[in-house]
Amino acid sequence: MSVIVGRETRVVVQGMGRHGTFHALACREYGTQIVGGMTPGKGGTKIEGFPIFDSMEQAVREAGANAALVFVPPIAAADAMMEAADSGVGVIVCITEGIPTQDMVRASAFLRERGTRLIGPNCPGIISPGEKCKVGIMPGHIHTPGPVGIISRSGTLTYEAVGQLTALGIGQSTCIGIGGDPIIGTTHRDALELFARDGATEAIVMIGEIGGNAEEEAAAFVRKSVSKPVIGFVAGQTAPPGRRMGHAGAIIAGGKGTAREKMDAMRAAGIAVVQSPADIGAEVARQLKSS
Amino acid sequence: MKLHEHQAKGLLAAQGVPVPQGRAAFSVDEAVAAARAVGFPAVVKAQIHAGGRGKGGGVKLARSLDEVESLARAMLGMRLVTHQTGPEGRIVRRLLVEQGMDMEGAREMYLAVLIDRQVGRPVVMGSSRGGVDIEEVAAKDPAAIVRTHVDPAAGFQPFQARKLALALGLSGQSFGKAVPFISSVYKAFVSYDAALVEINPLLVTRGGDWVALDAKVDLDDNALRRHPDLVLLRDLTEESPLEVEAGKHDLNYIKLEGGTIGCMVNGAGLAMATMDIIKLAGGSPANFLDVGGGANADQIRAAFRILLADKDVKVVLINIFGGILRCDVLAEGVIAAVKELDVRVPVVVRMKGNNEDLGRSMLAESGLDFRTGEGMAEAAQLAVAAGGGQA
């Protein structure tokens, strides 16, 4: 079992440029059903054996796609996501970094109206190792099937956590990179809700970072509705206020969104918060043993 | 991207927002000419990318050309220190000379448009307590701030402006001006792809007119690609030279005051976590530096140059999780950069992922003085031990 993506997921890659094609191949190699690519004007051709479609509607009709993986450049990415939602796919994973915020405001309202689930943007994607399904750019080989669900706003920091778990012999049910932008689809809270219900997930790792208050909202949800152990970390304990730390969403504004506030809220909700990013794996092992 | 007040007012005026008549001046002569055009009393305002200018002595009233001349002479080139600039302040390189408004019987309000990330929609915020730091108002008297969220499909509606104006206690003539004023401000927010439009104070005159007495517009960097005209408004003298240089190489660099361990990391989250673990190990990070997913040889060289330009840096710590990136390629780039730039400070490398063993043995066999750590914690301890401890 897993959440959001699994064996039945049939993915179309939007934006079959160099980057999109490279990752379409890597996903297929991992075991994901990549049923085609979409690049307007290239319909009817093939790239690396993938049939290419002019529109998402075609991809759904002819290849039975039910998910989209978006690599379209930032200025056109909102359009691509809205096209995917309009075509009826249930899940959109958007890797693109640097989408204008007001575009995301419009796109996320459009997607919400249609009930489409969005992961990202500006994220590594999602992977369910036990289902051999990877819809994203993460290195597949560091993952291993198992009982831990991971939710994170960052890419390489997630790989770090996965690497620690795998080295300890602890596998993952699904890892969700929710993205570092101020406006994202699936939030920490949404992902926690899915993992709380998932039979294959026994513990949840939640990796947050400075900025916004998604971690606080997630903590409130954990306190109320999650009985599985949750292990947390918040990046940016040493970040100065008012500076955007790489991710567009990672900024301490008006004294709000600090790591300290988030860690306090998470601890108060019963989450096992580690101070050091090097201790995530060990803490998960401890929690799994005692639960 | 931040803009100067005179630029922000120009953009707002173009969308129909009333602003005082004014002109930018880069020299004393230009300031005098501007005052001649706008008349008296005139206000001379230092233009820097920071707030709190009035308290710092950057905003002065002038009643004559002589006064404008002496004010301009004093302000241009001065180091203006405000609560937002830090103790080093900012050099004033340009002024705004504008018509002085009649403050008699006028009210100072606050108006802003920004994205509420919690809701994922734009929000228009108003307060009857303008002219002061809005964050102070928010902390002490949150009820004094009124908000209305905007449906992104429908856009800002006139009733929302009326609702705000009523909540702000406006009536009569001034109430009638709410719809055109706030609608124009919202239109500016959308058409420039702004991250923030803030008018503080927003002057409501005795006669009921609304005027943007001060204005701040922050643009969304991600949207600049479709606004080539707005890119021209960028003032590089207001930005840190190292941060500008980093941007040219697609590196994301932020200097941290007082740190001694220069960090080079791939990924923003891991870069922040690396800073955190350095602190936990008893050291202090000199910067945030994200080399991105690719980290090619050019970027590594540029990253070293930027780190070493900071004289506080005593040790360099490289932390790379090579997912797609191969550690042997990374090691090659690091070795080449250290040789080419004749790096003298100790370099600690922690790399994980594809071909990590090969990468590590390349570093060991390079004949250069690399220290390698297996995990993040170990690498941070090595960096602190190598001279990056607290001074």
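Student: Where is B:Asp193 found in chain B?

Tutor: One caution before we look: this is a predicted model. B:Asp193 sits in the loop between helix 7 and strand 10 (194-204) of chain B.

Student: What is phi of B:Asp193 near?

Tutor: General idea first: most residues other than glycine have a negative phi, and most peptide bonds are trans. In this case phi of B:Asp193 is near 55°, a positive value in a residue other than glycine. You meet B:Asp193 just after helix 7 of chain B.

Student: Buried or exposed, how does B:Asp193 count?

Tutor: Buried, because B:Asp193 has 20 C-beta neighbours inside 10 Å, and 20 or more is what the label asks for.

Student: Which other residue has a positive phi, near 50°?

Tutor: A:Glu48, again a residue other than glycine. A:Glu48 lies in the loop between strand 3 (46-47) and strand 4 (50-53) of chain A. With 12 C-beta neighbours inside 10 Å, A:Glu48 counts as exposed.

Student: Where are there cis peptide bonds to look at?

Tutor: Try the bond from A:Gly120 to A:Pro121, which is cis with omega near 5°. A:Pro121 belongs to the loop between strand 7 (117-119) and strand 8 (125-128) of chain A. Over in chain B, the bond from B:Phe40 to B:Pro41 is cis too, with omega near 0°. For B:Pro41, the place is the loop between helix 2 (28-38) and strand 2 (42-46) of chain B.

Student: Back to helix 7 of chain B: how many residues has it, and what does it reach from first C-alpha to last?

Tutor: It has 14 residues, 178-191, and reaches 20 Å, close to the 20 Å expected at 1.5 Å a residue.

Student: Which residues in helix 7 of chain B are buried?

Tutor: Start from the geometry: an α-helix has 3.6 residues a turn, so residues three or four places apart point the same way. Now colour in the buried ones in helix 7 of chain B: B:Ala178, B:Phe181, B:Ile182, B:Ser184, B:Val185, B:Tyr186, B:Ala188 and B:Phe189.

Student: What does B:Arg162 touch, leaving out residues up to four places away in sequence?

Tutor: B:Ala178 and B:Val179. B:Arg162 itself is in helix 5 (residues 158-167) of chain B, and it counts as partly exposed because it has 16 C-beta neighbours inside 10 Å. For a sense of scale, the C-alpha atoms of B:Arg162 and B:Arg305 are separated by 55 Å, with their positions 143 residues apart along the chain.

Student: Zooming out, how many helices and strands has chain B?

Tutor: There are 14 helices and 18 strands in chain B. Its C-alpha trace spans about 80 × 50 × 40 Å along the principal axes. Of the 391 residues of chain B, 45% count as buried. Among contacts in chain B between residues at least 6 apart in sequence, 69% join residues at least 24 apart.

Student: How do I read a helix pair, say helix 6 and helix 7 of chain A?

Tutor: Take the axes, then the residues. The axes of helix 6 (residues 188-197) and helix 7 (residues 214-225) of chain A come within 8 Å and cross at roughly 25°. That angle makes helix 6 of chain A roughly parallel to helix 7 of chain A, since the label covers angles under 35 degrees. The crossing of helix 6 and helix 7 of chain A is right-handed. Among the residues that meet are A:Leu192 and A:Ala196 in helix 6 of chain A, and A:Phe221 and A:Val222 in helix 7 of chain A. This contact of helix 6 with helix 7 of chain A divides into 6 nonpolar, 2 polar and 4 charged residues.

Student: At what angle do helix 5 and helix 9 of chain A pack?

Tutor: About 50° for helix 5 (residues 156-167) and helix 9 (residues 280-290) of chain A, with the axes 8 Å apart. Helix 5 and helix 9 of chain A are therefore oblique to each other, and their crossing is right-handed. In contact here are A:Ala161, A:Gln164, A:Leu165 and A:Ala167 of helix 5 with A:Ile280, A:Gly281 and A:Val284 of helix 9. By class, that contact has 5 nonpolar, 2 polar and no charged residues.

Student: And how many residues of chain B are in contact with chain A?

Tutor: The size of an interface is often given as the accessible area lost when the parts come together. Counting contacts instead, 44 residues of chain B are in contact with 44 residues of chain A. Helix 10 of chain B gives the most to the side of chain B that touches chain A, with 11 residues. That side of chain B has 23 nonpolar, 10 polar and 11 charged residues.

How values were computed. Residues numbered from 1 in each chain as written. Chains lettered and ligands numbered in written order. Predicted model: local features only at pLDDT ≥ 70, side-chain atom pairs only at ≥ 80, totals over all residues. Helix = DSSP H or I, 4+ residues; strand = E, 2+ residues; numbered from the N terminus. Expected span 1.5 Å × (residues − 1). Contact = placed C-beta atoms within 7 Å. Nonpolar A, V, L, I, M, F, W, Y, C, P; charged D, E, K, R; others polar. Axes fitted to C-alpha atoms, helices over the stretch in contact; angles between N-to-C directions. Parallel < 35°, antiparallel > 145°, perpendicular 65-115°, else oblique. Left-handed = near helix turned anticlockwise from the far one by under 90°.
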